[in-house]
Structure formats: C-alpha cells, structure tokens
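Here are some notes to go with your first look at this one. Keep the viewer open and follow along point by point.

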Amino acid sequence: MPIFSIICAVYNAQNTIKKCIDSILSQTVKDWELLLIDDGSTDDSSKICDEYASRDNRIKVIHKKNEGVAATRQCGIDIAQGEYMIHVDPDDWIENNTLELMYNSSKSTNSLIAICDYSLIDNSGVTYIDQKPERLDSLSMMDGIFSGRLLGGVCNKLIHRDLYKTGGGNFQPDINYCEDVLFLSEICNGPAFPVSHVNKALYNYDKSGGTSITSSKFTKEKYYSYRAFNRALPKAYSRLTFKQYADNLSDIVIKVFTNNILSGREFYREFKSERKALKAMNCNKQLKMLIILSSYGLYPLCRQFYKSYLSLRK
C-alpha cells in the first residue's frame with residue numbers, strides 16, 4: 001500500500017495537465033500512486049494521461065462518462081489505496097517537497113489533516129495566501145472556511161484515509177458547487193481532532209484561466225447547484241451556526257436577484273421559508289430590503305426598482 005494517493009479529476013485540461021503531472025513526478029518522496037480520473041474529456045487530456053501511465057506504473061487512469069467534479073473525485077477516493085490522500089486539480093501544480101513536508105507535519109503532530117499555504121495565480125500576478133487556522137483543530141479549521149478566511153477546497157489538505165473511510169464523508173454527485181466544503185463538513189462533523197499547518201505555499205492554485213464554476217456566468221442551472229449545497233450543509237455539519245448559514249444563503253440570493261435568474265413565482269417558492277435568514281444578510285440596506293420584499297411575492301416590482309437604482313448610479 002502506498003503512503004500517498006494523489007487524486008486528480010481531469011476534464012478537458014490538455015493545456016495544463018502535463019505541468020500538473022510533472023510536478024507530482026518530481027516529488028522528493030516516491031511512495032505514491034497518482035489516480036487520474038478522466039471525466040469524459042473531449043480534448044487530448046485522455047491521451048496525455050494514458051501516455052504518462054504507460055511510462056510509470058504508479059500512475060493509474062480511469063476513463064468514465066462525464067458526471068462532474070464531485071462524482072469524479074469520489075471515484076478516485078473509492079479506489080485509492082494510500083494511507084493519506086490529497087487532491088490536485090489538473091490546472092494547478094504542487095511544489096516538489098509538498099508530500100514530504102505535509103507528511104512530516106501530520107506525523108510529528110499526530111494530526112489527521114495537514115494544511116499548507118498556497119500561491120494564488122491570476123491575471124494580476126501571484127499572491128501568497130496564509131492558511132493557518134486560529135487553533136490547530138478541525139473545528140477552528142471549519143470556522144475559518146465558513147468565514148472565508150481559509151480555502152474550502154481539499155487540494156491544500158493532506159487527509160488521513162481514516163477520515164475518508166470512517167468519517168462518513170462522500171462527494172455528493174449532484175452537487176458540483178462547494179462540493180469540497182460539503183465533504184470537509186461531513187468528515188469534521190464530530191468531536192474536534194488535531195490538524196497541522198505547514199507555513200509554506202506548497203500548492204499553486206491557478207485561476208488565470210477562469211474556468212471554474214465560480215468564475216463563469218451565473219445561470220439558473222448553476223443556481224440550483226448552489227442551492228443544493230446550501231440545503232445540504234446543515235445536515236452535513238451539525239455545528240453550523242445560523243450566521244454561517246445566513247451568510248452562505250446571502251451569497252446565493254444576491255447573485256439570483258442581481259442577475260435576474262428566477263421568475264417572480266420561482267423566487268417566492270425558493271425563498272419564502274428563508275425570510276429569517278434573509279433579514280440577517282450583511283449587504284447594502286436597499287438591496288436587502290428589495291430581496292426581502294421579493295420573498296413576499298413582489299419580485300417584479302422590486303426588480304424594476306433595482307434597475308432604476310442602477311440607472312441612477314451610472
């Protein structure tokens with residue numbers, strides 16, 4: 001059994017996947033398996049993955065129909081053999097001592113999750129992002145994620161297989177927005193356990209391509225994925241506070257209202273039972289009032305007021 005299982009959910013990443021795989025091949029520790037889960041790619045990603053696998057028997061490729069990132073990551077988890085697991089996205093890459101430093105951090109502290117800092121690469125340059133929780137335990141980590149200070153992704157976290165196999169966590173196939181946060185919520189939904197932190201940017205998170213679900217156009221289909229996450233979160237994480245839930249709902253409903261995604265009837269149906277959370281939103285007072293009134297069936301009128309408000313601001 002290898003020490004590490006590295007899971008990479010691949011979809012149409014022909015321009016970046018080589019750099020990602022090369023960064024794994026360059027690791028200072030060699031006892032790993034790389035699981036390339038091809039989610040029905042239509043470009044040359046599949047071919048590239050197969051070529052790498054033919055040259056290194058530590059690399060395994062699974063080709064499957066397109067189901068989305070959540071089902072693809074779960075596919076990797078289901079077949080992983082390592083003592084520890086870590087995910088790497090195909091448009092990102094890791095430093096050559098990532099596995100060594102995170103493993104040493106976990107072992108020296110008896111922690112079940114090791115977190116590293118990361119470099120954020122976008123069109124404005126490279127930014128170092130500190131990821132140390134206020135306290136080195138799972139509850140503080142989740143508080144940091146819900147506050148937005150810590151990354152809610154799994155890619156900068158080395159996680160012991162016990163949490164994957166016995167912590168009750170699974171990626172839900174119908175939720176492809178914040179699927180990482182939901183997964184982390186499930187495996188951390190219990191007594192606090194130790195986590196460790198490596199104060200080096202070992203993960204390189206490349207957003208310069210703008211291909212993630214959060215950077216593309218907001219659509220009705222995307223809304224329903226966002227809302228599915230929002231509804232599943234309280235069950236996944238019993239420690240979720242009302243404020244944390246309201247803050248998450250706020251992000252969603254503001255996008256819905258400002259982008260005019262739903263009809264008046266749909267908006268009323270979706271948010272009439274959420275008025276308490278809507279009243280707790282931390283946003284522009286005028287916008288907040290229009291959203292609350294919309295939940296009472298006044299969406300068309302409130303949208304007209306909003307359009308007039310935007311015209312006056314120009």
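1. Let's start with Lys107, which counts as partly exposed at 38% relative accessibility. Its side chain forms a salt bridge with Glu83, and the closest N and O atoms are 3.0 Å apart. That pair ties together distant parts of the chain: Lys107 belongs to helix H4 (residues 98–109), Glu83 to the loop between helix H3 (69–79) and E4, and 24 residues separate them. Glu83, at 18% relative accessibility, counts as buried. The cut-off is what matters here, because buried means under 20% relative accessible area. Do bear in mind that you are looking at a predicted model.

2. Next, have a look at Lys64, which has two acidic partners to check. With Asp39 it forms a salt bridge in which the closest N and O atoms are 2.7 Å apart. This one also links distant parts of the chain, with Lys64 in strand E3 and Asp39 in strand E2, 25 residues apart. The side chain of Lys64 also meets that of Glu67 in a salt bridge, at 3.0 Å from N to O.

3. Are Lys64 and Asp39 buried or exposed? Lys64 is buried, at a relative accessible area of 17%, and Asp39 is buried as well, at 4%. Glu67, on the other hand, is partly exposed, with a relative accessible area of 38%.

4. While we're on charges: how many salt bridges does the structure hold? The count is 14. Some charged residues join up into a network of salt bridges, made of Arg73, Asp89, Glu179 and Asp180.

5. Now for strand E4 (residues 84–87), which is covered on both faces. Tyr84 and Ile86 are buried on one side, while Met85 and His87 are buried on the other. That fits the usual pattern: in a regular strand, side chains alternate between the two faces of the sheet.

6. Which strands pair with E4? Strand E1 (residues 4–10) pairs with E4 in the parallel sense, over four bridges, and Ser5 has Met85 as its bridge partner there. Strand E8 (residues 157–160) runs antiparallel to E4 and is joined to it by two bridges. In that pairing, Tyr84 stands opposite His160.

7. Strand E6 (residues 113–122) deserves a stop too, as it is mostly covered, with nine of its 10 residues buried. With E8, strand E6 runs antiparallel and shares three bridges; Ala114 has Leu158 as its bridge partner in E8. With strand E9 (residues 195–206), the pairing is parallel and spans nine bridges, Asp117 being partnered with Ala201.

8. What do E6 and E7 form together? They make a hairpin, with two residues between the strands. Strand E7 covers residues 125–129, and its pairing with E6 is antiparallel over five bridges. To find your place in the hairpin, look for Ser119, which stands opposite Tyr128 in E7.

9. On to helix H1 (residues 17–25). Its buried residues are Ile17, Cys20, Ile21, Ser23 and Ile24. Looking down the axis of H1, you'll see that these residues fall within an arc of 155 degrees, so they line one face of the helix. What do they pack against? The list is E1, strand E2 (32–39), helix H2 (45–55), strand E3 (59–64) and strand E5 (93–94).

10. Last, the nonpolar interior. The largest nonpolar core has 61 residues. Those with the most contacts inside that core are Ile113, Met141, Phe183, Val256, Phe257 and Phe271. Apart from the largest core lies another one, of 33 residues, including Cys49, Tyr52, Ala114 and Leu158. The last two should look familiar, as Ala114 and Leu158 are the bridge partners from E6 and E8.

11. If you want one residue of the largest core to click on, try Val256. Leaving aside residues up to four places away in sequence, Val256 touches Phe218, Tyr223, Ile261, Leu262, Phe267, Phe271 and Tyr299. Phe271 turns up again here, as it is also among the residues with the most contacts inside the largest core.

Conventions:
Residues are numbered from 1 along each chain as its sequence is written. This is a predicted model: local features need pLDDT of at least 70, side-chain atom pairs count only at pLDDT 80 or more; totals for chains, interfaces and linings use all residues. Side-chain values use heavy atoms; hydrogens and water are left out. A nonpolar core is a set of buried Ala, Val, Leu, Ile, Met, Phe, Trp, Tyr and Cys residues joined through side-chain atoms within 4.5 Å. Buried means under 20% relative accessible area, exposed over 50%, partly exposed in between (1.4 Å probe, protein chains only). Contact means heavy atoms within 4.5 Å. Two strands pair if DSSP finds at least two bridges between them. The arc is that of the directions from the helix axis to the C-beta atoms. A salt bridge is a side-chain nitrogen of Lys or Arg within 4 Å of a carboxyl oxygen of Asp or Glu.
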